[in-house]
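Here are some short exercises for getting to know a new structure. Try each task with the 3D view open, then follow the solution step by step.

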Amino acid sequence: MKCEHCTRKECSKKTKTDDQENVTGDAPSPAQENEEKGEFHKLADAKIYLSDCLACDNCITPEEGVQLSQQNAKDFFRVLHLNKKCDASKHRVLVVSVCPQSLPYFAAKFNLSVTDASRRLCGFLKSLGVHYVFDTAIAADFSILESQKEFVRRYHQHSKERQALPMLTSACPGWVRYAERVLGHPVTPHLCTAKSPQQVMGSLVKDYFARQKNLPPEKIFHVIVAPCYDKKLEALREGFSTALHNTRGTDCVLTSGEVAQIMEQSGLSVKDASVDTLFGDMKEAVVRRHDGAGSDGHLAHVFRHAAKELFGEHVEEITYRALRNKDFHEVTLEKNGEVVLRFAAAYGFRNIQNIILKLKKDKFPYHFVEVLACPRGCLNGRGQAQTENGHADKALLQQMEGIYSAIPVWAPESSAHVQELYREWLEGTDSPRVQEVLHTTHQSPEPCPDTLDMKW
């Protein structure tokens with residue numbers, strides 16, 4: 001069984017049931033959990049659907065397959081179970097960080113406002129035994145701010161360093177995995193080095209928050225709630241950081257759909273609760289997002305920053321011009337009748353393949369491209385906006401897009417907490433520690449020779 005667009009004779013991908021045999025035995029079974037709590041009937045297993053795959057070039061190794069089998073609700077409940085059974089000295093502090101693109105799914109699913117959905121989700125998680133629930137928006141602040149600075153730097157370097165531009169975003173793990181494992185050079189040098197919001201959140205929780213609470217990083221079990229399965233792969237990509245005492249920034253990723261399934265199967269009486277912050281006893285006052293139709297909005301924020309820093313232009317409203325299709329948009333800045341900035345958003349794999357073809361043929365007109373593997377952006381992640389037969393739930397997605405667009409937009413530059421963290425945690429905005437904590441490097445293997453022959 002292979003992906004619907006595959007041209008290869010053999011497939012290394014896992015089927016929807018293959019990972020059952022790889023699940024380790026130390027996680028409690030659903031029956032054990034029923035004995036413990038009495039309300040969970042069937043827990044979701046980690047899945048990487050064949051239709052989710054971006055390319056067939058052994059992207060998932062056998063070792064990663066085993067690790068992915070542990071990225072599920074069983075691993076989450078294993079820690080909850082141990083916290084209830086073992087000595088207090090061996091307890092793990094459970095932290096759950098929720099992506100902003102997941103909240104519209106819970107709001108639509110349970111017919112709540114996005115604020116009430118956030119409070120309901122937080123209350124439910126804490127009723128299970130989770131200690132802290134955070135919003136990953138602050139991590140996206142850092143990712144966007146570092147991307148802004150990097151683009152301006154690359155723009156200045158472009159005359160001397162040909163591969164400085166275009167800059168391609170690196171916040172989508174599915175796209176990054178394809179770029180690293182299949183495309184290689186000459187694409188990977190164009191990937192932004194700023195870490196994704198998930199990676200930044202791992203450092204915030206396991207480093208900054210751990211220090212605030214006087215906890216060793218390995219004492220914290222950090223779970224991300226995200227809209228897509230590729231985030232599970234991203235958690236594995238992070239590896240074990242020496243800065244975090246050889247632990248991963250993210251221990252487990254659950255999709256929005258997996259969490260919703262747990263909520264629906266529970267019989268818990270839930271009391272709504274406010275989302276926590278990284279700053280003492282403060283709570284999140286409002287749900288916020290960045291200026292992106294279905295994503296963290298790197299394009300919009302980097303465009304405004306570049307227009308101001310490079311050309312002294314203050315851009316309020318951004319006009320998106322659809323080109324090839326509804327998932328490929330262009331944004332331009334003109335000065336004195338000349339286009340000085342040309343940005344694009346390329347969502348979905350067909351659009352990605354088109355921009356790669358142009359890049360390899362040296363016919364690339366863009367300075368910056370926001371690249372996302374899912375058509376219509378992160379809201380359409382296969383971990384939430386899907387019907388039971390695995391197809392996109394168009395009605396649900398449309399409802400989620402309406403909910404998401406109504407969430408207030410905050411510019412990352414306006415966050416006093418972010419500026420405080422730059423000073424106290426990162427030792428300044430341009431310190432060596434910023435490069436260490438907020439940036440990464442991208443693998444550059446030899447590209448697959450028949451990549452361009454794939455029919456997407």
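**Exercise 1.** Which residue in β8 does His-329 stand opposite? Then place this pair in its sheet.

*Solution.* Keep in mind throughout that this is a predicted model.
- Step 1: Find His-329, and look across to β8, where its opposite number is Ala-345.
- Step 2: Trace the two strands involved: β7 covers residues 328–335 and β8 covers residues 338–347. They run antiparallel and are joined by 8 bridges.
- Step 3: Widen the view to the open sheet of 5 strands, ordered β3-β9-β8-β7-β6, where the pairing is mixed. Its edges are β3 (167–168) and β6 (321–322), each of which pairs on one side only.
- Step 4: Add the helix α11 (residues 298–311), which lies across β7, β8 and β9 and runs at about 165 degrees to β8.

**Exercise 2.** In what order do the 4 strands of the other open sheet come, and is their pairing parallel or antiparallel? Then find the helices that go with this sheet.

*Solution.*
- Step 1: Read the order as β2-β1-β4-β5, with parallel pairing. The edge strands, β2 (132–135) and β5 (252–255), each have a partner on one side only.
- Step 2: Check the turn between neighbours: on average it is 25 degrees, direction ignored.
- Step 3: Zoom in on β1 (residues 93–98) and β4 (residues 220–226), which pair over 6 bridges in the parallel sense. Here Val-98 has Val-225 in β4 as its bridge partner.
- Step 4: Bring in helix α3 (residues 73–85), which packs on the sheet and touches β1, β4 and β5. The direction of α3 makes about 145 degrees with that of β4.
- Step 5: Finish with helix α8 (residues 197–212), lying across β1, β2, β4 and β5 at about 150 degrees to β4.

**Exercise 3.** How many cavities of 30 Å³ or more are there, and what volume does the largest cavity have? Describe its lining too.

*Solution.*
- Step 1: Count the cavities of 30 Å³ or more: there are 6.
- Step 2: Turn to the largest cavity, with a volume of about 270 Å³. Its lining is made of 26 residues, and the closest to its centre are Ala-171, Lys-231, Asp-296, Leu-372 and Cys-378.
- Step 3: Sort the lining by class: 13 residues are nonpolar, 9 polar and 4 charged.
- Step 4: Link the cavity to the elements around it. At least two lining residues come from each of α8, α9 (230–237) and β9 (368–372). You have met α8 across the parallel sheet, and β9 in the mixed one.

Note on methods
Residues numbered from 1 in each chain as written. Predicted model: local features only at pLDDT ≥ 70, side-chain atom pairs only at ≥ 80, totals over all residues. Heavy atoms only, no water. Pairing = 2+ DSSP bridges. Axes fitted to C-alpha atoms, helices over the stretch in contact; angles between N-to-C directions. Contact = heavy atoms within 4.5 Å. 1 Å grid on protein atoms, 1.4 Å probe; cavity = no way out; pocket = protein on both sides within 12 Å on 5 of 7 lines; lining within 4 Å. Points joined across faces, edges and corners; volume = space filled by probe spheres on them. Nonpolar A, V, L, I, M, F, W, Y, C, P; charged D, E, K, R; others polar.
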